[in-house]
Structure formats: C-alpha cells, structure tokens
Amino acid sequence: MTGQARGEVEVEDKVLVLRRIHVAYRLEASEDQRQTIERVHGFHARFCPIYRSIEAAIDITTDIEIVPG
C-alpha cells in the first residue's frame with residue numbers, strides 16, 4: 001500500500017493555514033479482497049489518531065485505488 005497526501009492552504013490574516021487534506025491510497029490486492037477493502041476504507045478514519053486530532057479544523061478526504069496484485 002502507498003499513500004499520497006495533498007494539502008490545500010488558504011491565506012488568513014496574512015498567514016498560510018492548512019484547510020484541506022486529501023489522501024489517495026493505492027493498494028495491490030486480489031479482486032476477491034475488494035469488498036473487504038472498500039468496507040474498511042469506509043470506516044478507517046474514525047480509528048486513526050491523527051484524523052481524530054485534526055478533523056475539526058481540517059477537511060480530510062480519502063480515496064482508494066485497488067490494483068491487481
């Protein structure tokens with residue numbers, strides 16, 4: 001599995017402020033694992049300490065690409 005994160009900043013009172021983060025996951029897996037992967041991807045963020053720490057201040061989104069492996 002690899003992940004690539006992209007942050008988006010805005011200027012607020014002449015200060016750069018991180019407003020949004022998008023994480024794109026890429027996972028090598030067999031097709032018979034797809035249903036489980038998609039189910040786990042649907043709830044994994046609520047068990048992530050980083051997500052839980054910053055979710056109120058920063059909009060965080062994710063997507064996942066499953067490639068044959």
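This is a chat about the strands, the turn, the helices and the largest pocket of a predicted model.

User: Let's start with the sheet. How many strands, and in what order?
Analyst: The sheet is open and has three strands, in the order β1-β2-β3. The pairing is mixed.

User: Mixed how? Which way do β1 and β2 run?
Analyst: Strand β1, residues 2-12, and strand β2, residues 15-29, run antiparallel and are joined by eleven bridges. β2 and strand β3, residues 59-68, pair in the parallel sense, over ten bridges.

User: What holds strands together in general?
Analyst: Strands of a sheet pair through backbone hydrogen bonds, and the pairing is either parallel or antiparallel.

User: Give me some pairs I can find. What's the bridge partner of Glu 10?
Analyst: Val 17 in β2 is the bridge partner of Glu 10. Further along, Glu 12 stands opposite Val 15 in β2.

User: And on the β3 side, what is opposite Ile 21?
Analyst: Ile 60 in β3 stands opposite Ile 21. Leu 27 has Ile 66 in β3 as its bridge partner.

User: Which strands are at the edges?
Analyst: β1 and β3 are at the edges. Each has a single partner strand, so one side of each has no neighbour in the sheet. From one strand to the next, the twist averages 15°.

User: Okay, the turn now. How many residues are between β1 and β2?
Analyst: Two residues lie between β1 and β2, which form a hairpin. Asp 13 is in the loop between these strands, and Lys 14 is in that loop too.

User: What's up with the phi of Asp 13?
Analyst: Phi of Asp 13 is positive, about 50°, although Asp 13 is not a glycine. Lys 14 also has a positive phi, near 65°, and is likewise a residue other than glycine.

User: Is Asp 13 buried or exposed?
Analyst: Asp 13 counts as exposed because its relative accessibility is 72%, and the cut-off for exposed is over 50%. Lys 14 is exposed as well, with a relative accessible area of 83%.

User: Switching to helices. Where does α1 lie?
Analyst: Helix α1, residues 34-43, lies across β2 and β3. It runs at about 170° to β3.

User: And where is His 44?
Analyst: His 44 is in the loop between α1 and α2. His 44 counts as partly exposed, because its relative accessibility is 24%.

User: What does His 44 touch?
Analyst: Leaving out residues up to four places away in sequence, His 44 touches Tyr 25 and Thr 62.

User: How far is His 44 from Arg 26?
Analyst: Their C-alpha atoms are separated by 15 Å, and the two residues are 18 apart along the chain.

User: Last topic, pockets. How is empty space found, in general?
Analyst: A probe the size of a water molecule is rolled over the atoms, which shows where empty space is left.

User: So how much space is in the largest pocket?
Analyst: The largest pocket holds about 180 Å³ of space. The elements giving two or more residues to its lining are β2, α2 (49-54) and β3.

User: Which residues line it?
Analyst: Among them are Ile 21, Val 23, Tyr 25, His 44, Cys 48, Tyr 51, Ile 60 and Thr 62. Ile 21 and Ile 60 are the pair that stand opposite each other in β2 and β3. His 44, Tyr 25 and Thr 62 came up earlier as residues in contact.

User: What classes are in the lining?
Analyst: There are nine nonpolar residues, two polar ones and no charged ones in the lining of the largest pocket.

Notes: Residues are numbered from 1 along each chain as its sequence is written. This is a predicted model: local features need pLDDT of at least 70, side-chain atom pairs count only at pLDDT 80 or more; totals for chains, interfaces and linings use all residues. Side-chain values use heavy atoms; hydrogens and water are left out. Two strands pair if DSSP finds at least two bridges between them. Helices (H or I, at least four residues) and strands (E, at least two) are DSSP runs, numbered from the N terminus. On a 1 Å grid over the protein atoms alone, a cavity is a set of points where a 1.4 Å probe fits but cannot get out, and a pocket is an open set with protein on both sides within 12 Å along at least five of seven lines; lining residues have an atom within 4 Å of a point. Grid points are joined across faces, edges and corners, and a volume is the space filled by probe spheres set on the points. Ala, Val, Leu, Ile, Met, Phe, Trp, Tyr, Cys and Pro count as nonpolar, Asp, Glu, Lys and Arg as charged, and the others, Gly among them, as polar. Axes are lines fitted to C-alpha atoms, for helices over the stretch in contact, and angles run from 0 to 180 degrees between N-to-C directions. Contact means heavy atoms within 4.5 Å. Buried means under 20% relative accessible area, exposed over 50%, partly exposed in between (1.4 Å probe, protein chains only).
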